[in-house]
2 protein chains.
Amino acid sequence: MKTNLCALAILSTLSFSAMAVDCDPNLLPSWKDGSSKTALLNYVENSTDERKDSFVPVAERIAVFDNDGTLWSEKPYYFQLAYAFDQVKNMAEQHPEWKTQEPFKFVLEDDVKSVLAGGEEALLEIVTATHSGMTVEEYQATVTNWIAAAKDPRFEKAYTELTYQPMKEMLAYLQANDFKTYIVSGGGVDFMRAWAPEVYNIPAEQIIGSALKYQYDYNDGQPQVIKLGEILTIDDKAGKVENIQHIIGKKPVLAVGNSDGDHAMMQWATSQPNSMAMIVHHTDAEREWQYDRKSSVGHLDKAMDEANQRYNWHLIDMKNEWCTIY
Amino acid sequence: MKTNLCALAILSTLSFSAMAVDCDPNLLPSWKDGSSKTALLNYVENSTDERKDSFVPVAERIAVFDNDGTLWSEKPYYFQLAYAFDQVKNMAEQHPEWKTQEPFKFVLEDDVKSVLAGGEEALLEIVTATHSGMTVEEYQATVTNWIAAAKDPRFEKAYTELTYQPMKEMLAYLQANDFKTYIVSGGGVDFMRAWAPEVYNIPAEQIIGSALKYQYDYNDGQPQVIKLGEILTIDDKAGKVENIQHIIGKKPVLAVGNSDGDHAMMQWATSQPNSMAMIVHHTDAEREWQYDRKSSVGHLDKAMDEANQRYNWHLIDMKNEWCTIY
């Protein structure tokens with residue numbers, strides 16, 4: 001018994017030492033010294049050293065990051081959907097018809113499986129009902145209140161605590177090296193702007209997302225902007241490239257995502273010299289989630305194949321390369 | 001004769017002294033010391049002094065500027081139209097049908113009046129024909145070549161030389177005081193991005209404009225973005241507010257324009273404390289152009305009425321407040 005305890009103590013010390021060696025407390029402390037960290041450090045060094053051919057002028061240091069599954073978790077379903085579901089419940093009293101009307105009845109019955117079975121059409125109906133018909137300020141006040149109180153069911157943490165510590169370090173590292181970091185996400189732009197600027201240190205104007213149409217209303221001298229129930233843009237797949245072109249007007253040199261929804265953006269970004277793509281690969285069933293080719297949320301298949309073939313595309317192995325997840 | 005010459009010499013000296021007194025060579029040198037310059041200096045002082053209630057945090061120092069008629073001239077017609085007309089001529093050989101087809105035949109016949117008589121529909125047809133069906137890079141290369149060579153017919157200057165010196169000083173002054181300066185113009189965003197970053201020191205990602213739809217094309221591994229012949233957004237009137245909400249996600253504290261197309265943007269911006277609106281009033285027929293209520297291009301009527309009633313809206317009297325125009 002005494003020997004065993006001793007062995008355990010030694011093991012524990014060894015493990016601690018290994019951790020200390022693997023993870024440099026001074027530089028990207030949540031990243032193990034592995035191929036992804038090396039790729040990131042090399043990329044930043046090469047693109048910021050004026051003496052090198054690989055130098056990227058500051059004005060062109062545009063780095064785009066997907067959000068769901070790249071900067072925070074996205075399981076068991078997108079957190080914005082959790083918001084929408086909670087809002088359906090909050091609004092149910094004013095909508096007695098929802099008790100019998102799909103997909104709302106499924107939400108009220110906590111039958112998430114049936115909601116999701118309704119596909120995009122059902123989700124769009126829910127999002128429209130809960131995200132429109134109010135001013136942007138009213139909507140964002142509701143999101144702010146919700147995100148301060150809501151807990152994720154598995155980890156029992158606030159959703160903003162389910163943002164990835166290594167990715168926040170990566171953002172800060174890039175920012176310190178004069179990269180302009182953008183979020184380019186399928187999530188709603190007004191939803192993200194309610195909390196992401198503080199959590200990621202990315203200002204509202206560097207957040208691109210899906211959006212409903214806006215309508216300016218003079219409102220007798222109290223001008224306001226209303227969120228309409230029609231889609232303005234879906235920021236996914238080719239839509240990400242088109243929105244970056246429209247809004248930023250520059251081809252990013254660094255694109256980071258986690259799914260085939262980010263594939264076009266990564267292909268476009270890396271169709272130029274001195275560029276890089278990184279993919280957060282969800283390999284850690286214990287500390288986070290494990291999924292890729294077979295998952296519908298965060299489906300990662302073709303982009304992973306391409307990553308395996310291209311020298312400047314890097315898969316981030318969450319389980320083996322991250323000392324800390326959250 | 002001698003006396004006359006002497007009087008002239010004295011007059012010339014006096015005039016020079018008056019200029020030197022009116023225009024401070026060290027601070028906004030092209031602005032006479034007048035009400036607009038005072039308003040600008042006061043606004044910046046009040047919004048950047050942390051000890052004052054009027055302080056505006058850096059993240060909220062968003063200043064939006066119209067372009068046509070606000071940062072550069074817009075007469076006898078928008079310069080982007082001059083580009084479109086020149087392109088119609090350049091493309092005419094591939095379009096023999098244009099010889100008999102309105103509005104193209106009018107362009108080929110240099111009958112600008114008839115072109116403009118066709119209204120928005122005619123202009124849209126011309127813009128679509130000359131601004132779509134190519135990649136963004138191809139389009140911008142054409143714009144860059146054109147703007148380097150084309151001359152305005154009245155002043156015989158390059159169009160980029162018809163940008164207003166006082167407004168460029170104002171942009172620089174705001175930038176030096178940590179304002180993020182944006183262009184929000186009815187002009188095409190890709191057109192402006194080809195030259196405005198250099199001319200105004202405003203990066204591509206801070207230029208908002210009208211846009212045609214974009215289409216991402218994987219193109220066998222040589223990804224590109226094509227400009228389609230459909231409108232994505234018209235950045236005018238309420239559309240300016242809606243695009244600022246969508247793209248910046250913040251209500252600007254300072255809005256500057258010259259026409260009723262900027263009215264909504266100015267009303268929205270000044271619907272909050274510590275905000276200001278400024279209007280470039282075209283009062284100088286000699287050095288530039290003189291127009292307001294009766295002009296179709298740069299129509300300024302309702303916004304001028306509102307400026308006359310509101311303490312934090314300022315009309316910039318070009319003739320009497322600017323030492324230099326270009």
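Helices (H or I, at least four residues) and strands (E, at least two) are DSSP runs, numbered from the N terminus. This is a predicted model, in which local features need pLDDT of at least 70 and side-chain atom pairs count only at pLDDT 80 or more, while totals for chains, interfaces and linings use all residues. Residues are numbered from 1 along each chain as its sequence is written, chains are lettered from A and ligands numbered from 1 in the order in which they are written, and side-chain values use heavy atoms, with hydrogens and water left out.

**Exercise 1. Unusual backbone sites**

Task: Find which residues are joined by a cis peptide bond in chain A, and where A:Pro76 lies.

Solution: Begin with the background that most residues other than glycine have a negative phi, and most peptide bonds are trans. In chain A, the bond between A:Lys75 and A:Pro76 is cis, with omega at about 0°. Next, locate A:Pro76, which belongs to the loop between β1 and α3 (79-91) of chain A. In chain B, a cis peptide bond links B:Glu102 to B:Pro103, again with omega of about 0°, and B:Pro103 sits in the loop between α3 and α4 (104-108) of chain B. Finally, turn to A:Asn201, a residue other than glycine whose phi is positive, near 60°; A:Asn201 is in the loop between α10 (196-200) and β4 (207-217) of chain A.

**Exercise 2. Confidence in chain A**

Task: Decide where in chain A the confidence is lowest and where it is highest.

Solution: Recall that pLDDT is the predictor's confidence in each residue, from 0 to 100. For chain A the mean pLDDT is 93, and 94% of its residues reach 70 or more. Helix α1 (residues 2-22) of chain A has the lowest confidence, at a mean of 47, whereas strand β1 (residues 62-65) of chain A has the highest, at 99. Over residues 5-20 of chain A the pLDDT is below 50, and beyond near neighbours in sequence this stretch has one contact (heavy atoms within 4.5 Å) in the model. Where pLDDT is low, the predicted coordinates should not be read in detail.

**Exercise 3. Two packed helices**

Task: Describe at what angle helix α3 and helix α7 of chain B pack, and which residues meet.

Solution: Axes are lines fitted to C-alpha atoms, for helices over the stretch in contact, and angles run from 0 to 180 degrees between N-to-C directions. Helix α3 (residues 79-91) of chain B packs against helix α7 (residues 136-149) of chain B at about 105°, and their axes are 11 Å apart. Angles under 35 degrees count as roughly parallel, over 145 as roughly antiparallel, 65 to 115 as roughly perpendicular and the rest as oblique. Therefore α3(B) and α7(B) are roughly perpendicular to each other. On the side of α3(B), the residues in contact are B:Phe79, B:Gln80, B:Ala82, B:Tyr83, B:Asp86 and B:Gln87, and they meet B:Tyr139, B:Thr142, B:Val143 and B:Trp146 in α7(B). The contact has six nonpolar residues (Ala, Val, Leu, Ile, Met, Phe, Trp, Tyr, Cys and Pro count as such), one charged residue (Asp, Glu, Lys and Arg) and three polar residues (the others, Gly among them).
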